[in-house]
Amino acid sequence: EDSYAPRALAETSKQKIEEPWEEITQFALNLGEAESPLVTVDVRIEAVERLAQDDINCYFTKDSFDLRVLHSLQGRRYRLRRSCLQRDIDTSTSTFRV
């Protein structure tokens with residue numbers, strides 16, 4: 001029987017729509033001495049110490065790092081990505097701390 005009644009659409013996976021990242025534009029970068037294996041990046045974000053550890057991550061590749069902060073207290077998402085650094089990154093020894 002032909003019917004012009006609306007048909008239910010097949011259920012599809014629901015995509016979570018995420019807010020865009022806000023770029024971190026103020027930070028201090030210390031490349032150390034020419035032979036130093038350490039580089040320090042200092043980022044200041046209000047109340048970041050009160051966030052859950054899972055809300056702050058830094059991903060390292062051979063030539064870049066990607067710092068992400070999901071600031072649930074402010075409802076914002078911050079990100080600092082840098083590549084083409086002075087030296088390659090040793091991802092096996094790279095760390096970050098809050």
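This report walks through the fold, the salt bridges, a surface patch and the largest pocket of the structure above.

**Overall picture**

Keep in mind that this is a predicted model. The protein has six strands and zero helices, so the secondary structure, read along the sequence, is simply β-β-β-β-β-β. Of its 98 residues, 21% count as buried.

**Salt bridges**

Side chains of opposite charge can pair when their charged atoms come close. Here the structure holds five salt bridges, and the table sets out some of them.

| Pair | Closest N to O distance |
|---|---|
| Arg44 and Asp42 | 3.0 Å |
| Asp66 and Arg68 | 2.9 Å |
| Arg79 and Asp66 | 2.6 Å |

Let's take Asp66 to begin with. Which residues does Asp66 join up with in a network? Salt bridges with shared partners link Asp66 to Arg68 and Arg79. Asp66 meets Arg68 with N and O 2.9 Å apart, and Arg79 pairs with Asp66 with the closest N and O atoms at 2.6 Å.

What does the Arg79 pair tie together? Arg79 sits in strand E6 (residues 76-83) and Asp66 in strand E5, so their salt bridge connects parts that are 13 residues apart in sequence.

Are these partners buried or exposed? Both Arg79 and Asp66 are buried. For Asp66 the relative accessibility is 9%, and it counts as buried because the cut-off for that class is under 20%. Arg68, at 26% relative accessible area, is partly exposed instead.

Now for Arg44 and Asp42, whose closest N and O atoms are 3.0 Å apart. Arg44 has a relative accessible area of 69%, so it is exposed. Asp42 comes in at 32%, which makes it partly exposed: that value falls between the 20% and 50% cut-offs.

Asp42 belongs to strand E3. There is also a contact of sorts along the backbone to point out: the C-alpha atoms of Asp42 and Ala28 are separated by 5.0 Å, with the two residues 14 apart along the chain.

**A nonpolar patch**

Which residues make up the nonpolar patch on the surface? Leu29, Val39 and Val41 do, and together they have about 220 Å² of accessible area. Leu29 is found in strand E2 (residues 27-30). Its relative accessibility is 45%, so Leu29 counts as partly exposed; a patch residue needs over 30%.

**The largest pocket**

Two of those patch residues turn up again here. The largest pocket has about 1,100 Å³ of space and a lining of 30 residues. Nearest its centre are Val39, Thr40, Val41, Thr95 and Phe96, and Val39 and Val41 are also members of the nonpolar patch.

Where does the lining come from? Strands E3 (40-43), E4 (56-61) and E5 (64-71) are the elements that give two or more residues to it. E3 has the largest share, with four residues. E3 is also the strand that holds Asp42, the salt-bridge partner of Arg44.

What sort of residues line the largest pocket? By class, the lining is made of 18 nonpolar, six polar and six charged residues.

Technical notes:
Residues numbered from 1 in each chain as written. Predicted model: local features only at pLDDT ≥ 70, side-chain atom pairs only at ≥ 80, totals over all residues. Heavy atoms only, no water. Patch = residues over 30% accessible without salt bridge, like charges linked within 9 Å, V, L, I, M, F, W, Y side chains within 5 Å. Areas by Shrake-Rupley, 256 points an atom, 1.4 Å probe, with all protein chains shown as cover. Salt bridge = Lys/Arg side-chain N within 4 Å of Asp/Glu carboxyl O. Buried < 20%, exposed > 50% of the residue type's maximum accessible area, 1.4 Å probe, protein only. 1 Å grid on protein atoms, 1.4 Å probe; cavity = no way out; pocket = protein on both sides within 12 Å on 5 of 7 lines; lining within 4 Å. Points joined across faces, edges and corners; volume = space filled by probe spheres on them. Nonpolar A, V, L, I, M, F, W, Y, C, P; charged D, E, K, R; others polar.
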